[in-house]
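Here are some exercises on a ligand's surroundings and on helix packing. Try each task yourself before you read its solution.

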Amino acid sequence: MADTLDGYLARWAGTDPTRDAVRKVLVAIAGATATISAIVADGPLAGELSATLGKGADGYDEQKELDVRADALLFEALKGAPVAAYASEEAELPVAVNAGAPLLVAVDPLDGSSNIDTDVTIGTIFSVLPVPDDIDPVSEAAFFQKGRDQLAAGYTVYGPHTALVLSVGEGTAHFVLDRTSGTYRLISERVTIPASAKEFAINMSNHRHWDDRLRLYIDDLLQGKDGPREADYNMRWIASMVAEAHRIIIRGGIYLYPADTRAGYTQGRLRLIYEAFPIALLMEQSGAAATDGRTPILDLVPEKLHQRVPLIFGSREKVERVSNYLTAPGEIAERSPLFSKRGLLTA
Ligand SMILES: O=P(O)(O)OC[C@H]1O[C@](O)(COP(=O)(O)O)[C@@H](O)[C@@H]1O
Ligand SMILES: [Mg+2]
Ligand SMILES: [Mg+2]
């Protein structure tokens, strides 16, 4: 009998009470995502689900009906789990769940919202944290923990099939939803992301808004084998970060949503606590990397619940090379054939 999420988590948790609490939270989240998957797959509902309700918490992102419905399903599922407080992209502040419970959950209930009406892969992202000592669990400050303090994290992608990728700190595990039984079946206990790959994902329409050094990194990729990288690359942009993350989990590559000069994007677009932290844990647990361009995402400590962060993640060598471009000493090499080898920049 193929192993399931329940079997995998039960083996990991054993009789450890904290692990068992995390197991219960992950089982509850998985159940909610199976329901979201069914809703997303219900074609006649699509028009209703993609309806725009207005602006999100910070007045930039549009809020869709499915954002709210997914949020409600996750919150409802977590009422039966050992969670003290729930933070969501869809709510300004954390909300109380079960007083005295040992865990916190932060979610992006629906990632890739601009793709709902176009029937393109979207997903859910989640992070599980311990309730910190001496801080009100139902406060923003309770969530201001270093990314490395996450006890578990993961995402689901609602594509042609539904996949769940999560880590409890013992590698990154990959499951797929068996719709007939409603259970997630284990595909791999330990995903390994290739150290390098020939695919990059970035929204090229923002090219003129980037930092010069980031732009140079991309321009060098675009020059292909005739340029300093001496190789041709391929590009993707799905505008659904979880879908890009899943492609990278499956075959490597790099995703970049850097800071840019547009209003509201000076710290990039992705949120630190419930988008970057979970993905960064999965990346590091599968031999890959995630940074803000200079610092590992998991070493950052949030100061605001919905703070954004420049996010670069994927194959380790590629992520490290971006940091080389952004941090190399001195002026960046002029764009001339004389500088076809950028020395440090391509080390
Ligand atoms: O539309 P843009 O600027 O390319 O941004 C796309 C990015 O925004 C996001 O959709 C942000 O997530 P939400 O859809 O949850 O707001 C990412 O999933 C995606 O990578
Ligand atoms: Mg998102
Ligand atoms: Mg979202």
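A residue counts as near a molecule if one of its heavy atoms lies within 4 Å of that molecule. Residues are numbered from 1 along each chain as its sequence is written, while chains are lettered from A and ligands numbered from 1 in the order in which they are written. The model is predicted, with local features needing pLDDT of at least 70, side-chain atom pairs pLDDT 80 or more, and totals for chains, interfaces and linings using all residues; side-chain values use heavy atoms and leave out hydrogens and water.

**Exercise 1.** Find which residues come nearest to ligand 1.

Solution. Start with the 16 residues around ligand 1: Gly112, Asn203, Met241, Tyr255 and Tyr257 come nearest. Next, sort the shell by type: six residues are nonpolar, four polar and six charged. Here Ala, Val, Leu, Ile, Met, Phe, Trp, Tyr, Cys and Pro count as nonpolar, Asp, Glu, Lys and Arg as charged, and the others, Gly among them, as polar.

**Exercise 2.** Look for N or O atoms of the protein close to an oxygen atom of ligand 1, using the polar contact cut-off (a pair of N or O atoms within 3.5 Å).

Solution. Begin with the backbone: an N or O atom of Gly112 lies 2.8 Å from a ligand 1 oxygen. Then turn to side chains: a polar atom of Arg269 is 3.0 Å from an oxygen of ligand 1, and one of Glu89 is 3.1 Å from such an oxygen. Finally, the cover: the protein hides 90% of the 470 Å² of accessible area that ligand 1 has on its own (Shrake-Rupley method, 1.4 Å probe).

**Exercise 3.** How are helices H1 and H2 arranged?

Solution. Helices are DSSP runs of H or I with at least four residues, numbered from the N terminus. Two packed helices are described by the angle between their axes and the distance between the axes. The axes of H1 (residues 5-13) and H2 (residues 17-40) come within 9 Å and cross at roughly 165 degrees. Angles over 145 degrees count as roughly antiparallel, so H1 is roughly antiparallel to H2.

**Exercise 4.** Do the same for H2 and H4.

Solution. The axes of H2 and H4 (residues 65-78) come within 9 Å and cross at roughly 150 degrees. These two helices are therefore roughly antiparallel to each other.

Definitions and conventions:
Polar contact = N/O pair within 3.5 Å; in protein donor to acceptor, adjacent residues only side chain to side chain. Axes fitted to C-alpha atoms, helices over the stretch in contact; angles between N-to-C directions. Parallel < 35°, antiparallel > 145°, perpendicular 65-115°, else oblique.
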